[in-house]
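Please examine the structure shown below. The explanation that follows treats one residue and its surroundings, and then turns to a sheet.

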Amino acid sequence: MAADAKGRSMASSSTTRSRLAPAKVNYALHVTGRRADGYHLIDSLVGFPAIGDRVTASPAAEGFDLVVSGPFAEPLARAGNMAENLVLQAAGALAHHAGIAPQGLHLTLEKNLPIAAGIGGGSSDAAATLKLLRDLWAPDLADAELARIGLALGADLPMCLNGRPARVTGIGETVTAVPPLPDHTLLLVNPGTCIATPTIFKALTRRDNPPLPDLPRGGFGSLEDFVDWLGETRNDLEPPAIDTAPVIGEVLAALRQHQPIRLARMSGSGATCFAIVDNAVEAGEIAARIAAQHANWWIRSAPVISSQGTADGT
């Protein structure tokens, strides 16, 4: 049970609910300006492979807590970091909006994605939490209002709440649906280097780049068409990130030497890089070859979630 601010009981589900928090990949990211408050303006095309962290909400006899598990749990589970965890912040923000005091709820975050990796792990965790707890605490809350709550936690929240391919502008708050992307698999590689996003933005030498080229109204006719369009774009954060962490260049070189990769690029502010591959079999073969040479790199692959899919990749 959960009690509202006046002590009234508020029924919650008696069943355990779970939601994938998928990785976010910036296929292209142009930095187009900077606001007076210091926030950078972007124009980005994002997609979400069906791989990520997982947030689970379970009923508890009393209290409200969070347990972090998984291969990347240790930094987040430290006592000093728990208060800053975006899952707890998302739960607190939604509880405040709904006017309740969260009780009788146990949250688990299975942390499978590298931290500070340019793939929106923390933001996606918070987005999954907001969606799970909306079902329990505020089922009538509109998506737009949930996005407003999320934006207060971070600029990546609205796009992660959307969880499907989209064009993202402003500081990340404007999320526009795009025509369906051709089927493909994304191969993700992270060399184990954490990158602080503010550091990379600070290192930019230009902040007034042109926006993305127009997307075809009818969508891309083929994966080749999509890759050709991406060839006219870039990630403006990639050069300063490589200057900061040269190993990113090594990752890109390792990806680009393998066929049949169609395109390799850094995501977000790094250090995770991605490659577009036709299918899961080819991605798996390339992943195995790279892993044989770089045993300490984090390497995963998954199909991109379709425009009609859900945050659980279905």
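In this predicted model, the side chain of threonine 272 reaches the backbone oxygen of alanine 117 at 2.8 Å. The side chain of threonine 272 also makes a polar contact, at 2.9 Å, with the side chain of asparagine 190. One of these partners is thus a backbone atom, that of alanine 117, while the other belongs to a side chain, that of asparagine 190.

Where along the chain does threonine 272 lie? Its place is the loop between strand 13, which spans residues 263–266, and strand 14, which spans residues 273–277. Is threonine 272 buried or exposed? Its relative accessibility is 0%, and because buried means under 20%, threonine 272 counts as buried. When neighbours within four places in sequence are set aside, the residues in contact with threonine 272 are Ala117, Ile119, Leu188, Val189, Asn190, Met266 and Ser267. Both polar partners, alanine 117 and asparagine 190, appear among these contacts.

Attention may now turn to a sheet. Four strands form an open sheet in the order 4-5-10-11, and their pairing is antiparallel. Strand 4 (25–34) and strand 11 (174–177) stand at the edges; each has a single partner strand, and therefore one side of each is left without a neighbour in the sheet. From one strand to the next, the twist averages 15 degrees.

The pairing of strand 4 with strand 5 can be followed in detail. Strand 5 comprises residues 40–47, runs antiparallel to strand 4, and is joined to strand 4 by eight bridges. For asparagine 26, the bridge partner in strand 5 is valine 46.

Definitions and conventions: Residues numbered from 1 in each chain as written. Predicted model: local features only at pLDDT ≥ 70, side-chain atom pairs only at ≥ 80, totals over all residues. Heavy atoms only, no water. Pairing = 2+ DSSP bridges. Helix = DSSP H or I, 4+ residues; strand = E, 2+ residues; numbered from the N terminus. Axes fitted to C-alpha atoms, helices over the stretch in contact; angles between N-to-C directions. Buried < 20%, exposed > 50% of the residue type's maximum accessible area, 1.4 Å probe, protein only. Polar contact = N/O pair within 3.5 Å; in protein donor to acceptor, adjacent residues only side chain to side chain. Contact = heavy atoms within 4.5 Å.
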